[in-house]
Amino acid sequence: MKKLNLNKLCSFCSATAVALTISVTSMQSVAETLRLSTPVPPSHIFSKVSTKFAEDLSARTNGDFEIKVFPFGKLGSDPENTLMIQTGAIQFAVIPAAFMANREESLNAWLLPGLFDDVAAAGAATQFSTAKEMLAELDKQGMVGLGYVFAGMRHLLSVDPISDLKEIKDKKIRTFPGPIFNDWWLTFGAAPTALPTPEIAPALTTNLLDIVDVDLDLVTALKLYQQAPNLAITNHMAFPAIMVVSKKWWESKTAEQQTVIREVFAEAEAWGIKAQAIAEEKNLKMLKDAGVAITKIDKSSYADSTAEIRNKYVNKTPLISEFYEQVKAEK
C-alpha cells in the first residue's frame, strides 16, 4: 500500500512539474508577445505596412519575434504611444512625422508644402543621407527610427466645392496639430482646427468643420465623403510616419537580431511606397465612382504661399536645409 501511494505521489509530482513547465512557458510566451501601435484604421497604409512587417519578421525569424498590431489608436494617442515607446511599455509604433516634429524639428523638412509631386518622389527621398540622419536624431528621444511609412499626398475634402485656395478664407479646416500646418493654412486666412480622427465625420455633419486636410486612404477608410462630397486635388504636402522602436527594448537584442529587424522593415518600407502609389489611383477612382465631385488645383496658384512657408522653415536647422537641397537636386 505504501509503495502504491509513493508511486501515485511520484506520478502526481511529475504531472505537476509538467503542468508548471507548460504554465511558465505560456507565461513567457505571452510576456514576449510584442505590440505595435498605429493611429489609423486597418485599411490605411500605415496599418498595412505594420501588418506586413509583423508577418515578414515572424516568418524570417521562425516565430522568434511575434508582433501583434493594434490599429486605430487602440493602445493610445500619438503622445501616449510616444511615452510608452520611451518607457518600453510597447515595443513598436507608427507615429506621424508631423507629431515627432514637435520633438525633432528637422522632421518638418518632410512637411514643406509643394516639396513633392507624389508619393513616389517622397518615397525616393527616404534614401537620402539627411533622411537617415533625421531618424538617427530620434535616439535622443529614447527610440530607434527604423524607417518611414507614407500615406498619400494631402488634399482638401470639403462640404462645399473649392476651386481655389483663396476660397478657404475664414473656413474651419481640420488639420494635423502642428506649427507648420497652422502656419500653412493661416497664410490663406483659414481657421486650423485640431480634432481626433474619430471626431472628423461628426464635426462635418454638425458644421463644426468646413474642410478636412487629409490623405485619400483616410477619406475612403472612414467614408468621409458621405459628409463632405467635394474633393480638391492639391498634392500640397506629403505625410510620412515613422516606424519607431523602443530603445530600451532594442538594446536588449543582439546585433544580429537588430540587423534582421532593420532588413525586414526596409523591405516593408519599399513595399509600402509602391503600394501607396497604386492605392492613390484606386482611391481616386473609388471616390469618382461614389459620386464625389473632384477638382484639381494647380500648385502654381499657391506658389507664393509655398515660398513663404518654405522660407520660414527651411533654415530652422541645417538638416532641413540640406534635405531641401537634396530634394531639389533630384527634380
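# Strands, loops and helix pairs in a predicted model

Trainee: In which strand does leucine 156 lie?
Mentor: This is a predicted model, and the protein chain in it has 13 helices and 11 strands. Leucine 156 belongs to one of those strands, namely S5.

Trainee: Is leucine 156 buried or exposed, and what is its relative accessible area?
Mentor: A residue has to be under 20% relative accessible area to count as buried. Leucine 156 meets that cut-off and is therefore buried, since its relative accessible area is 0%.

Trainee: How far apart in space are leucine 156 and aspartate 213, C-alpha to C-alpha?
Mentor: Along the sequence, leucine 156 and aspartate 213 are separated by 57 residues. In space, their C-alpha to C-alpha distance is 4.9 Å.

Trainee: In the protein chain, what share of the contacts with a separation of 6 or more is accounted for by residues 24 or more positions apart?
Mentor: The pair of leucine 156 and aspartate 213, 57 residues apart in sequence, is one example of residues separated by 24 or more positions. For the whole protein chain, counting the contacts with a separation of 6 or more, residues 24 or more positions apart account for 77%.

Trainee: How many of the residues of the protein chain, as a percentage, count as buried?
Mentor: The C-alpha atoms fill a box of roughly 95 × 45 × 30 Å along the principal axes, and the protein chain exposes about 15400 Å², of which carbon and sulfur atoms supply 55%. Of the 331 residues of the protein chain, the part that counts as buried is 49%.

Trainee: Which residues in H7 are buried?
Mentor: Helix H7 covers residues 179-186. Its buried residues pack against helix H4 (97-100), strands S5 (154-158), S6 (172-174), S7 (191-193) and S8 (211-215), and helix H12. The residues in question are Ile180, Phe181, Asp183, Trp184 and Trp185.

Trainee: Is H7 roughly parallel or antiparallel to H12?
Mentor: Helix H7 packs on helix H12 (residues 303-313) at an angle of about 150°, and their axes are 10 Å apart. An angle over 145 degrees counts as roughly antiparallel, so the relation of H7 to H12 is roughly antiparallel.

Trainee: Which residues in H12 does H7 meet?
Mentor: H7 passes H12 in a right-handed crossing, and by class their contact has five nonpolar, two polar and two charged residues. From H7 come Pro179, Ile180, Asp183 and Trp184, and they meet, in H12, Ser305, Thr306, Ile309, Lys312 and Tyr313.

Trainee: At roughly what angle do the axes of helix H2 and helix H11 cross?
Mentor: Helix H2 spans residues 45-60 and helix H11 spans residues 255-289, and their axes come within 9 Å. The crossing is right-handed, and the angle is roughly 145°.

Trainee: By class, how many nonpolar, polar and charged residues has the contact of H2 with H11?
Mentor: On the H2 side the residues include Ile45, Val49, Phe53 and Leu57, while those in H11 include Val260, Val264, Phe265 and Trp271. Charged residues such as Lys48, Lys52 and Asp56 in H2 also take part. By class, the contact of H2 with H11 has 11 nonpolar, two polar and five charged residues.

Trainee: Is the crossing of H6 and H13 left-handed or right-handed?
Mentor: Helix H6 (residues 129-137) and helix H13 (residues 318-330) pack at an angle of about 150°, with their axes 9 Å apart. That angle makes H6 roughly antiparallel to H13. As for its hand, the crossing of H6 and H13 is left-handed.

Trainee: What is the relative accessible area of asparagine 235?
Mentor: Asparagine 235 is found in the loop between strand S9 (230-233) and strand S10 (240-246). Beyond its neighbours within four places in sequence, asparagine 235 is in contact with Phe116, Asp117, Met153, Arg154, His155, Lys299 and Tyr302. Asparagine 235 counts as buried, with a relative accessible area of 18%.

Trainee: What is the phi of phenylalanine 72 near?
Mentor: Phenylalanine 72 lies in the loop between strand S2 (67-70) and helix H3 (78-87), where it is partly exposed at a relative accessible area of 33%. Its phi is positive although the residue is other than glycine, with a value near 55°.

Trainee: About what positive phi has aspartate 170?
Mentor: Aspartate 170 is found in the loop between S5 and S6, and at 60% relative accessibility it counts as exposed. Although aspartate 170 is not a glycine, its phi is positive, at about 70°.

Note on methods: Residues are numbered from 1 along each chain as its sequence is written. This is a predicted model: local features need pLDDT of at least 70, side-chain atom pairs count only at pLDDT 80 or more; totals for chains, interfaces and linings use all residues. Side-chain values use heavy atoms; hydrogens and water are left out. Axes are lines fitted to C-alpha atoms, for helices over the stretch in contact, and angles run from 0 to 180 degrees between N-to-C directions. Helices (H or I, at least four residues) and strands (E, at least two) are DSSP runs, numbered from the N terminus. Angles under 35 degrees count as roughly parallel, over 145 as roughly antiparallel, 65 to 115 as roughly perpendicular and the rest as oblique. A crossing is left-handed if the near helix is turned anticlockwise from the far one by less than a right angle, and right-handed if clockwise. Contact means heavy atoms within 4.5 Å. Ala, Val, Leu, Ile, Met, Phe, Trp, Tyr, Cys and Pro count as nonpolar, Asp, Glu, Lys and Arg as charged, and the others, Gly among them, as polar. Buried means under 20% relative accessible area, exposed over 50%, partly exposed in between (1.4 Å probe, protein chains only). Accessible areas come from the Shrake-Rupley method with a 1.4 Å probe; for residues, only the protein chains shown count as cover.
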